[in-house]
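Biologist: I would like a close look at one part of this model. Please keep it brisk and give your cut-offs as you go.

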Amino acid sequence: MTLAPLVEVIRGGRLESLHYGAVAVVNAKGDLLYHAGDPDFLTFTRSTIKPFQALPFLRAGGHEKFGFDSRELALMCASHSGEAMHTQTVEGMLRKANCEEHHLRCGCHVPMHFTVQDKAPPEGATFNQLHNNCSGKHAGFLAYCVQNGHPLDNYVEPAHPLQQAVRDSVAEVAGMSASDMAMGIDGCSAPNYGLPLSRLAHTYARLAQGDRDPHYGSLMGELFRAMTLHPELVSGTGRSDLAFMQTVPGDWVAKIGAEAVQVIGIRSAGIGIAVKIADGSTRGLFPATISVLQQIGILPSAEATPLASWARPQINNFRGLHTGEVRATFTLTKDKF
């Protein structure tokens, strides 16, 4: 395993910290086009696989049976901020499936929009599982179980028929054997899978092709359209995935995962990009990802785009004094295939 120094943190004009990681850029056939570090670095996908966790539901026609629209499909793929637009949509999804909040098995946490805004929740505020960033995915899980007559209480267990179908779908899209995928449990209690970074990039190259995917066709198209039509539902106000998808609307599909993994599919270029910061710090993730886009000629400049503040973050102290910056410093290797 070889990791590359991707991002520097500068203070007083000198290096203070260094974030290592890996990058893989592949085409829709899975050919490696560019890399930094080990392009096959085993990476737990975390929330980046949410679109593919939704595939069994779509494959069985669940979105048509329950009347899920594009907003609700977007929530199935979301790591949302727990804003009203998110929780109300998830509540509607549960209602369509004749389920309630207590059926969810994702747990409860403080809504992410407070973290994004660097604000504490109001005194006396209460939250429930609808505010969990994964509640849309779990509402889709429940709908699949209702549709297919599977038990609801244990739908997050790896042996549950739903999770077996999810595992097989993830493996199919990644072009791997399910038995070769590492498995762990995600923050929302559902099984999660570790893939070589290049295989993860390939999943988004396929997602970005939408209806043209040779295996899933219109199902990938439904997910791609939902995510790109409603990026504010996939993420939330002030979030990075919203900024990526607003930069080239309808062409870029983006999804972040916990522990600093970012994946982007570019429809017009026919590619997928996956970036992993080894220490799990998102501080280095966004400058690294934007640098990849610039180095391969997809993004000439981040200035005057929604990504401007994410490309080279400036560091200020608690008095507002400028103390340093975070900047990408790596050069991609171009691969021949």
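Between which two strands does the loop that holds Gly30 lie? From there, please go on to helix H9: at what angle do H9 and helix H10 pack?

Modeller: First, the ground rules. This is a predicted model, with local features needing pLDDT of at least 70 and side-chain atom pairs counting only at pLDDT 80 or more, while totals for chains, interfaces and linings use all residues. Residues are numbered from 1 along each chain as its sequence is written, and side-chain values use heavy atoms, with hydrogens and water left out.

Gly30 lies in the loop between strand E2 (14-27) and strand E3 (32-36). Strands (E, at least two residues) and helices (H or I, at least four) are DSSP runs, numbered from the N terminus. Gly30 counts as buried, at 18% relative accessibility. Buried means under 20% relative accessible area, with a 1.4 Å probe and protein chains only. Setting aside residues up to four places away in sequence, Gly30 touches Arg199 and His202. Contact here means heavy atoms within 4.5 Å. Along the chain, Gly30 and Arg206 are 176 residues apart, yet their C-alpha atoms are separated by 9.0 Å.

That leads to H9, which covers residues 197-209. H9 packs with H10 (residues 218-229) at an angle of about 90°. Their axes are 7 Å apart. Axes are lines fitted to C-alpha atoms, for helices over the stretch in contact, and angles run from 0 to 180 degrees between N-to-C directions. That makes H9 roughly perpendicular to H10, a label for angles of 65 to 115 degrees. H9 brings Arg206, Leu207 and Ala208 to the contact, and H10 brings Met220, Leu223, Phe224 and Met227. By class, this contact has six nonpolar, no polar and one charged residues. Ala, Val, Leu, Ile, Met, Phe, Trp, Tyr, Cys and Pro count as nonpolar; Asp, Glu, Lys and Arg as charged; the others, Gly among them, as polar.

H9 has another helix partner, H8 (residues 161-174). The angle is again about 90°. Here the axes are 8 Å apart. H8 and H9 are therefore roughly perpendicular to each other. Glu172, Val173 and Ala174 make the contact from H8; Arg199, His202, Thr203 and Arg206 make it from H9. The class make-up is two nonpolar, two polar and three charged residues. Arg199 and His202 are also the residues that Gly30 touches.

Next comes a sheet. Three strands form an open sheet in the order E4-E6-E5, with antiparallel pairing. Two strands pair if DSSP finds at least two bridges between them. E4 (42-44) and E5 (182-185) are the edge strands, each pairing on one side only. From one strand to the next, the twist averages 30°. E4 and E6 (residues 191-196) are joined over three bridges. One pairing sets Thr43 against its bridge partner Leu195 in E6. H9 packs on this sheet and touches E4 and E6. The direction of H9 makes about 105° with that of E6.

H9 also feeds the nonpolar interior. The largest nonpolar core has 104 residues, and Val23, Val25, Phe52, Leu207 and Phe244 touch the most other members. H9 supplies the largest share of this core, seven residues. Such a core is a set of buried Ala, Val, Leu, Ile, Met, Phe, Trp, Tyr and Cys residues joined through side-chain atoms within 4.5 Å. In soluble globular proteins, nonpolar side chains tend to be buried together.

Take Phe52. Beyond residues up to four places away in sequence, Phe52 touches Ser169, Val170, Val173, Thr203, Tyr204, Leu207 and Met220. Of these, Val173 is part of the H8 contact with H9, while Leu207 and Met220 belong to the H9 contact with H10.

Now Pro51. Pro51 lies in helix H1 (residues 50-53). Pro51 is buried, with a relative accessible area of 0%. Leaving aside neighbours within four places in sequence, Pro51 is in contact with Cys77, Tyr204, Leu207, Leu223 and Met227. Leu223 and Met227 are residues that H10 uses against H9. The C-alpha atoms of Pro51 and Gln209 are separated by 14 Å, although the two residues are 158 apart along the chain.

To close the loop: H9 packs against H10, H8 and the sheet, and Gly30 touches Arg199 and His202.

How values were computed: Parallel < 35°, antiparallel > 145°, perpendicular 65-115°, else oblique. Buried < 20%, exposed > 50% of the residue type's maximum accessible area, 1.4 Å probe, protein only.
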